[in-house]
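Biologist: I have some questions about helices, salt bridges and surface. Can we go through them one by one?

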Amino acid sequence: MNMKLAFRNVYCTLFRSLNPNPNLPSNFLPLRLTLFIPPSPPSIRAQTFRSLSPTHSSASMPGGEAHAAPLLEKQFEDFRAQLEESGTLRERIRAVVMEIESTTRLIHSSLLLVHQSRSTPEVLEKPLAQIGVLKELYNRLAEIVLESPGRYYRYHGDWKTETQTVVSLLAFVHWLETGALLLHTEAEEKLGLNDSEFRLDVEDYLVGICFMSKELPRYVVNQVTAGDYDCPRKVLKFLTDLHAGFRMLNLRNDFLRKTFDGMKYDLRRVEEVHYDVKIRGLTANGDPVVDQGAPAQS
């Protein structure tokens with residue numbers, strides 16, 4: 001009973017502070033307090049949580065997660081198949097490239113004999129026989145790459161370095177035979193690369209020619225030592241013309257430009273040998289040059 005009186009006094013005090021009108025009837029107080037304290041909305045928070053729940057969200061989207069999962073799985077299944085196919089093809093390419101590399105080592109070891117004053121036909125016998133092997137290997141390589149049309153440059157890096165070495169050896173053999181530069185079309189013909197979709201890359205050809213020029217200074221020195229004093233003049237003319245041809249190109253490839261920069265040092269070494277031979281007055285037969293205008297000694 002005392003508790004009820006205490007709550008009634010609190011309600012009366014609160015009501016009079018908010019509505020200081022003493023003329024209201026006493027039986028209006030409970031009704032007024034009831035209207036003053038409105039009940040909280042019972043379903044607002046429940047509805048909010050229902051709208052944010054995963055079940056409600058996925059049900060409102062067409063297809064939902066059940067539709068996205070098969071698409072994701074199919075995409076990565078396609079990726080897996082493509083990568084496996086590419087890896088298998090690359091392994092086959094590398095197997096042929098390893099055979100090309102082995103053949104180039106045989107050619108290079110045979111050409112080293114040219115620096116030992118062996119006769120040129122004797123030295124070139126084995127390298128010329130290996131050119132047919134290289135042609136067969138490049139035909140196999142072309143068949144493998146052409147199984148995926150339009151992807152030449154995707155796999156080009158797998159045989160790029162070996163092809164540059166092959167071009168350098170072919171160019172050196174051709175120069176020993178003819179004294180002239182191996183042209184791009186001639187290199188393609190030697191390797192059997194006649195298909196429009198699998199050809200000898202121009203930059204690989206140019207890098208190979210630059211590599212070949214590095215063999216000439218050593219060759220000149222050894223030939224002069226063996227008594228061939230006309231060799232420096234021939235090599236100097238060849239390298240000068242070759243260097244002038246490269247100077248016509250606007251080389252944007254950093255590796256090719258740096259490789260070409262080394263050619264000027266090869267040219268300078270040959271010039272020095274040619275200068276030494278000329279200043280000593282040596283001729284092709286080893287005799288000093290006699291000045292026809294000089295007075296005879298009595």
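Biologist: Which residues of H9 are buried?
Modeller: This is a predicted model. Buried here means under 20% relative accessible area. In H9 the residues that count as buried are Ala-187, Glu-188 and Leu-191.

Biologist: What arc do these buried residues cover around the axis of H9?
Modeller: Ala-187, Glu-188 and Leu-191 are the buried ones. They sit on the same side of H9, because the arc they cover is only 100°.

Biologist: Which residues are exposed on the other side of H9?
Modeller: Exposed takes over 50% relative accessible area. On the other side of H9, the exposed residues are Thr-185 and Glu-189.

Biologist: Which residue forms a salt bridge with Glu-188?
Modeller: Glu-188 is buried, at 4% relative accessibility. Its side chain meets a partner with N to O at 3.0 Å. That partner is partly exposed, at 37% relative accessibility. The residue is Arg-199.

Biologist: How many residues apart are Glu-188 and Arg-199?
Modeller: The salt bridge between Glu-188 and Arg-199 links distant parts of the chain. Glu-188 belongs to helix H9, residues 184–191. Arg-199 is in the loop between H9 and helix H10 (202–213). The two are eleven residues apart.

Biologist: Is Leu-200 buried or exposed?
Modeller: Leu-200 lies in the loop between H9 and H10. The cut-off for buried is under 20% relative accessible area. Leu-200 has 4%, so the loop residue is buried.

Biologist: What distance separates the C-alpha atoms of Leu-200 and Gln-164?
Modeller: Along the chain, Leu-200 and Gln-164 are 36 residues apart. In space, their C-alpha atoms are separated by 9.7 Å.

Biologist: Why are Asp-254 and Arg-257 separated by about one helical turn?
Modeller: Asp-254 and Arg-257 form a salt bridge, with the closest N and O atoms 3.3 Å apart. Both belong to helix H13, residues 254–261. An α-helix has 3.6 residues a turn, so residues three or four places apart point the same way. Asp-254 and Arg-257 are separated by about one helical turn because their spacing is three residues.

Biologist: What relative accessible area does Asp-254 have?
Modeller: Partly exposed runs between the 20% and 50% cut-offs. Arg-257 counts as partly exposed, at 33% relative accessibility. Asp-254 is also partly exposed. Its relative accessible area is 46%.

Biologist: Which residue forms a salt bridge with Asp-230?
Modeller: The closest N and O atoms of this pair are 3.9 Å apart. The rule asks for a nitrogen within 4 Å of a carboxyl oxygen. The partner is partly exposed, with a relative accessible area of 49%. The residue is Lys-234.

Biologist: How many salt bridges does the count come to?
Modeller: The pairs include Glu-188 with Arg-199 and Asp-230 with Lys-234. By the 4 Å rule, the count comes to twelve.

Biologist: How far apart are the end C-alpha atoms of helix H6?
Modeller: H6 has 26 residues, 120–145. At 1.5 Å a residue, H6 should span 38 Å. The distance between its end C-alpha atoms agrees with that, at 37 Å.

Biologist: At which residue does H6 bend?
Modeller: A proline, Pro-127, follows the bend within four residues. Pro-127 is one of the buried residues in H6. The bend is about 30°, at Lys-126.

Biologist: Which residues form a nonpolar patch on the surface?
Modeller: Together the patch has about 310 Å² of accessible area. Phe-79, in helix H5 (residues 64–111), is partly exposed at 38% relative accessible area. The patch is formed by Leu-72, Phe-76 and Phe-79.

Methods. Residues are numbered from 1 along each chain as its sequence is written. This is a predicted model: local features need pLDDT of at least 70, side-chain atom pairs count only at pLDDT 80 or more; totals for chains, interfaces and linings use all residues. Side-chain values use heavy atoms; hydrogens and water are left out. Buried means under 20% relative accessible area, exposed over 50%, partly exposed in between (1.4 Å probe, protein chains only). Patches are made of residues with over 30% relative accessible area and no salt bridge: like charges are joined within 9 Å, nonpolar side chains (Val, Leu, Ile, Met, Phe, Trp, Tyr) within 5 Å. Accessible areas come from the Shrake-Rupley method with a 1.4 Å probe; for residues, only the protein chains shown count as cover. The expected span of a helix is 1.5 Å times one less than its number of residues. The bend at a residue is the angle between axes fitted to the seven residues ending there and the seven starting there. The arc is that of the directions from the helix axis to the C-beta atoms.
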